Amino acid sequence: MRKVTLIILSFVIWFLLVWPFDPVSGALYPQSTIIGIIVAIFVGLLLGDRIPARLSPATVFKRIFWLVVYVPMFLWYVLLANLDVVYRVIHPDMPIHPGIVRVKTTLKNPAGRTMLANSITLTPGTLTVDITDDGYLYIHWINVRSDDIEQATHHIVERFESVLRRIFE
Amino acid sequence: MTSHEIVGYVFICVGAIFDFFGCMGLVRLPDVYNRLQAATKCVTLGTIFILVGTAIATAVPAIAIKAILCALFILITSPTGAHALARGSYLSGVKLWDKSVTDKFHERAEDIKRSYSGEAK
């Protein structure tokens, strides 16, 4: 079942990416479509087991709801991050106090941790350098406000962690 | 020029400005890690703006959908790439800037290097 889901999903993405219609007549190109079906089946059979096990509809709905909450919040922080970089770059004195700090996350799910690390990289002044198995992240911080692990975790991780936990756990 | 074209070109211009500041950061900031910060953030958002602008300006489904999908892929892959570059440059011995305030990664990096050299033997 999971394999079928993945086959359909990858075929839809492939279809959108290739858009196999003739620009003039609007006819479907059969050769592109057939190749797409073959590749989608291959991908589905190979990687179908990686999709997490079946969840109840209520859980899925809850997770999608929090994902919808998360995306605008994330984009807002991305915009802030850019304005922050622009400010630091065009300021004549370059107000930076860089350093690498250590923070702790309580997320357990690998996908959740990946999302957290990527979100940290795209948000103001921080860049994920490494993550350990026991949940410590090493963050390059362009303007270190606190050396202390608790304080740094509060500044960097906590704003995403609560939402990401609701999405992934 | 129709209204959606104007909106699209505004998006493209904003994206180009962000890209420009990202490149300026590459030149002005002192070390690899700070430069990566500027490059990742500004260039990601700038490129996404340009792609969304393209999607709006053309309004051809074949182009618009591709542009939006590309924007999504960039949003996922660009921070991952920056992370790999930062980790790789630290482990291969690129120093932090002299005026850096703190460096908590040093011990962990030594551990990783030791484990790598252990595997090599």
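In strand β3 of chain A, H140(A) is the bridge partner of L127(A), and this pairing is a convenient place to enter what is a predicted model. A second pair of partners is I131(A) with L137(A), the latter again in β3(A). Both pairs belong to the contact between β2(A) and β3(A), which run antiparallel to one another and are joined over five bridges. On the other side of the account stands β1(A), which is linked to β3(A) by six bridges, also in the antiparallel sense, and here R102(A) is found opposite Y138(A) of β3(A).

Taken together, these strands form an open sheet of three, in the order β1-β3-β2 of chain A, with antiparallel pairing. Because β1 and β2 of chain A stand at the edges and have a single partner strand each, one side of each is left without a neighbour in the sheet. From one strand to the next, the twist averages 30°. Strands of a sheet pair through backbone hydrogen bonds, and this pairing may be parallel or antiparallel.

An edge position in the sheet can still go with burial, and the two edge strands may be considered in turn. β1(A), which spans residues 99-104, is mostly covered, since five of its six residues are buried. β2(A), which spans residues 126-131, is mostly covered as well, with six of its six residues buried. Helix α4 of chain A, residues 110-121, lies across β2 and β3 of chain A and runs at about 145° to β2(A).

Between β2 and β3 of chain A there is a loop, and G135(A) has its place there. The two strands form a hairpin with four residues between them, in which G135(A) takes a positive phi near 95°. Is G135(A) buried, partly exposed or exposed? It has 13 other C-beta atoms within 10 Å, and is therefore partly exposed. Leaving out residues up to four places away in sequence, G135(A) touches K104(A), T105(A) and T106(A). G135(A) also lies 8.5 Å from R113(A), C-alpha to C-alpha, although 22 residues separate the two in sequence.

Further along the chain comes helix α5(A), residues 149-156, whose buried residues are A152(A), T153(A) and I156(A). Seen down the axis of α5(A), these buried residues fall within an arc of 105°, so they line one face of the helix. This can be set beside a general property of helices: an α-helix has 3.6 residues a turn, so residues three or four places apart point the same way. The buried residues of α5(A) pack against β1, α4, β2, β3 and α6 (158-168) of chain A.

On a broader scale, the domain assignment of chain A gives domain 1, residues 2-50, and domain 2, residues 57-168. The C-alpha centres of these two domains of chain A lie 34 Å apart.

The description now turns to the nonpolar core and to chain B. The largest nonpolar core has 54 residues, and those touching the most other members are V129(A), I139(A) and V52(B). Helix α2 of chain B, residues 32-58, gives the most to this core, with 15 residues. V129(A), setting aside residues up to four places away in sequence, touches I100(A), Y138(A), I139(A) and H140(A) in its own chain, and H83(B), A86(B), R87(B), Y90(B) and F105(B) in chain B.

How many residues of each chain take part in the contact between chains A and B? There are 36 residues of chain B in contact with 30 residues of chain A. To the side of chain B that touches chain A, α1 (3-28), α2 and α3 (61-91) of chain B each supply at least two residues. The largest share of that side comes from α3(B), with 13 residues.

One residue of chain B, R28(B), may serve as a last example, and its place is in helix α1 of chain B. Leaving aside neighbours within four places in sequence, R28(B) is in contact with V89(A) and M94(A). R28(B) is partly exposed, because 16 other C-beta atoms lie within 10 Å. Between R28(B) and A38(B), which are ten residues apart in sequence, the distance from C-alpha to C-alpha is 9.9 Å.

Notes: Residues are numbered from 1 along each chain as its sequence is written. Chains are lettered from A and ligands numbered from 1 in the order in which they are written. This is a predicted model: local features need pLDDT of at least 70, side-chain atom pairs count only at pLDDT 80 or more; totals for chains, interfaces and linings use all residues. Domain bounds come from an automatic or database domain assignment. A residue is buried if 20 or more other C-beta atoms lie within 10 Å of its own, exposed if 12 or fewer, and partly exposed in between; C-beta atoms are placed from the backbone. The arc is that of the directions from the helix axis to the C-beta atoms. Two residues are in contact if their C-beta atoms, placed from the backbone, lie within 7 Å. Two strands pair if DSSP finds at least two bridges between them. Axes are lines fitted to C-alpha atoms, for helices over the stretch in contact, and angles run from 0 to 180 degrees between N-to-C directions. A nonpolar core is a set of buried Ala, Val, Leu, Ile, Met, Phe, Trp, Tyr and Cys residues joined through C-beta atoms within 7 Å.
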